[in-house]
Amino acid sequence: MKHKRPIIVAGAILLAVMLAALPFVSACAPKEKTLKIGITTPSTGAAAEKGSPMGHGNLDAIEYINTELGGVAGYPVEAVWLDNGYDAAKVVTNVKKFMDDGCLLFATSSSKMMSATMEIANRAEFPGLVCFNAPVLHRPPQHIYGQMPDYGDDWAAFAAYYMENIWKGPGKPRMALHLLNNTTGYGALDAAKASAERLGIELLLPAAEHTPTTTSEIDSLTRIKTLNPDILYISSTPAPTAVIIKNAFELGLYPGVTIGLGHAGITKALVDIAGADIVEGVYGVFPTVNWGDDVPGMAKAVEYCRKLHPKDEGNLDYITSWAQSMIMAEILRLTVENVGYDVLAKGDVESWRAIETYGIQRLNYDVGGLHGPASYTPGDNRLSKSVRIFQIQSGEINPVTDWVEAPLVKYEEFEWFGK
Amino acid sequence: MSLPSGTRNYTYAQDMAILRTRTHWVLFFGFLVLLFTAPLYLGNYWLGVANLIGITLIAATGLNILTGYCGQLSIGHAGFIAVGAYTSAILTNRLELPFLVGLICAGLTAGFIGLIFGIPSVRVKGFYLAITTIAAQFIIIWVINHWSALTGGFVGIKVPYASIGSFVFKSEASQFYLIITITALCIFFAKNLARTKVGRAFIAVRDNDLAAQVMGINLFYYKLLAFFIGCFMAGIAGSLLAHWIGFMNAEQFSLTESILYIGMIIIGGLGTTLGPILGVVFIRLLQQILTVEFVPFLERTITALPSGFATGVTPMLFGLVIVLFLVLEPRGLAHRWALLKSAYRLWPFSY
């Protein structure tokens with residue numbers, strides 16, 4: 001017992017020295033000409049079930065680019081990957097590290113993490129790419145770009161589809177909204193407030209709101225039922241969406257109304273949780289193809305997933321982040337071709353401006369068909385603007401449209417949008 | 001406080017001095033030189049970490065006054081930080097008032113909100129008080145999310161750079177000087193507060209509030225004063241956080257953050273000025289080293305690890321370190337530091 005304490009103290013000191021020495025171990029690694037990019041994912045914390053496969057997708061795509069494609073324009077891509085733990089304070093320091101390390105652009109998966117850090121990036125002119133996108137991240141357009149359409153675009157695409165293909169009645173259809181209590185839900189509300197009148201839809205406001213852990217929405221749906229809606233639009237994640245649809249089914253609200261879902265909600269998990277019978281006929285909007293679809297970019301993503309992270313097989317988030325890394329590589333390729341490596345070697349504001357001007361703003365890339373083409377339109381920082389409308393039929397999520405382009409909404413022109 | 005052998009105080013001024021010996025002064029100035037020349041040898045990333053530590057330290061010092069000195073457990077500290085952050089954001093963005101007005105009002109508003117939620121402390125304590133402060137956390141965040149005309153709601157609100165007169169704190173280094181200066185002032189205030197009548201009253205309330213009342217200490221006044229001071233500092237920290245990050249939404253102020261603040265002051269040492277400093281530096285650096293160095297290092301070098309193992313190690317190791325700390329040194333890092341100083345002063349004698 002007498003000798004245990006010195007051992008513990010020595011052990012603690014040794015551990016501390018090892019941890020402190022890690023930066024120097026990294027710094028001593030041989031240097032080569034690389035193209036650095038920063039990637040931060042919530043691989044731990046409250047959103048780990050999405051962040052972890054997304055981190056794998058990002059890094060596996062970089063591995064594929066370096067080993068099979070010989071890097072980008074002959075230069076290996078060096079990914080500085082950091083877990084942010086879904087923590088705003090951590091992601092802020094992560095992005096500062098990316099800038100300090102000379103990364104040329106950075107990517108986040110979640111809209112929450114990007115919202116915590118976007119102003120730092122905008123102030124420094126450091127270009128960022130966000131996978132799950134919300135209007136506030138790119139309106140007005142600055143240095144943050146959306147890989148995919150935002151939660152507002154989902155609403156706009158579904159509403160337009162509904163008016164063209166489903167609504168047969170006289171007058172305006174009445175739409176109720178059920179929203180998750182964060183940017184996922186309220187991104188849809190922004191779009192609804194901005195476009196409902198133009199599309200000829202009557203909104204039943206105030207919108208109902210729910211939490212990610214809700215277990216019953218009978219009260220809110222009873223209130224909605226008394227308003228006699230034609231459409232119930234839900235922008236949420238799979239578990240609460242399943243609760244809402246089950247409750248609507250129990251109240252006799254559905255079938256009867258048309259239910260539309262944003263892209264965070266319509267996944268296989270929804271069908272599994274709610275049951276195929278209950279969600280039969282529900283519509284949803286999604287910006288990528290299904291796992292295993294016959295598109296050129298799918299084969300390598302599936303191969304690397306099986307080889308490096310087999311547990312992620314079938315996970316659509318893996319596909320979206322694989323596509324994110326492929327887009328970043330294409331941005332790098334365009335920039336190297338246009339300005340040469342030397343401008344990018346500095347990893348400073350001049351390099352970042354080159355990335356935006358000669359890479360992102362000249363982008364025209366089909367992403368191997370994994371989602372809608374990624375291209376830049378002046379004044380619109382959404383790179384992919386396309387979604388597809390799906391419908392759940394006999395437990396399967398089947399597309400009912402081809403790619404539909406979501407129109408640009410200039411939210412900043414509305415006085416209610418964040419100053 | 002014990003003094004090194006041969007050091008005596010001959011006046012009250014000497015007795016009250018924070019820095020008493022020449023060694024203290026030399027070490028203090030050495031530390032200040034090291035601190036204020038940091039932008040010369042630290043990159044933006046480490047300056048960013050230092051800024052985060054400074055902001056966290058202000059909030060933790062406030063919580064230490066409330067919980068460590070006065071014994072009033074608060075699990076809603078992130079909510080009070082949010083009040084400060086949004087007050088400053090609204091005043092400087094929507095009303096375009098100067099940063100200093102925003103900063104002071106942030107502290108006062110958070111202090112006032114703290115007073116309201118502190119009122120139950122007169123009747124309840126311990127776990128019951130903890131529950132009422134958790135309510136503060138949820139109510140504040142709900143109000144921020146739903147008062148969208150003022151706060152931006154779920155969309156959030158932009159916050160301009162901090163500025164004084166025509167000088168704008170744009171660079172990481174200038175923000176570092178601003179944050180560190182305010183942090184130093186707050187710590188100096190906390191250090192002195194603990195040695196005043198108010199500080200002694202706080203300690204009396206913490207140790208036995210009934211006995212304190214019998215001695216003539218007004219429990220209602222001193223408990224609410226502790227809430228006001230603790231939340232005022234949280235508000236100041238929130239204001240600095242808002243201007244440093246530049247964009248606020250309520251998701252940045254979670255219950256997890258509030259619990260982490262409690263963890264920081266416990267690990268550092270409750271009821272000491274040094275405790276929050278050591279606790280905050282320890283936790284924030286541990287977070288950074290694990291996130292930035294350890295996990296990517298594991299991912300790069302040990303490819304045979306199962307999928308997700310490396311990232312899973314972070315919370316496990318983080319938790320393990322905290323548990324080991326509480327088991328091996330429940331009185332916190334400040335106590336360990338005090339033992340180290342005593343050993344140094346008495347060396348080579350053990351006792």
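These legends describe close-up views of a predicted model. Local features need pLDDT (the predictor's confidence in each residue, from 0 to 100) of at least 70, side-chain atom pairs count only at pLDDT 80 or more, and totals for chains, interfaces and linings use all residues. Residues are numbered from 1 along each chain as its sequence is written, chains are lettered from A and ligands numbered from 1 in the order in which they are written.

**View 1. Helix H7 of chain A covers residues 183-199.** Helices (H or I, at least four residues) and strands (E, at least two) are DSSP runs, numbered from the N terminus. The end C-alpha atoms of H7(A) are 23 Å apart, which agrees with the 24 Å expected for 17 residues (1.5 Å times one less than the number of residues). H7(A) bends by about 40 degrees at A:Lys193 (the angle between axes fitted to the seven residues ending there and the seven starting there). Just after the helix, A:Gly200 has a positive phi of about 80 degrees.

**View 2. Strand S8 of chain A is largely enclosed by the rest of the structure, because five of its five residues are buried.** Buried means that 20 or more other C-beta atoms, placed from the backbone, lie within 10 Å of the residue's own. A:Ile231, A:Tyr233 and A:Ser235 point one way; A:Leu232 and A:Ile234 point the other way.

**View 3. S8(A) runs parallel to S6(A) and to S9(A).** Strands pair if DSSP finds at least two bridges between them. Five bridges join S6(A) to S8(A), and four join S8(A) to S9(A). A:His178 has A:Ile234 as its bridge partner, while A:Ile231 stands opposite A:Thr258.

Conventions. A residue is buried if 20 or more other C-beta atoms lie within 10 Å of its own, exposed if 12 or fewer, and partly exposed in between; C-beta atoms are placed from the backbone.
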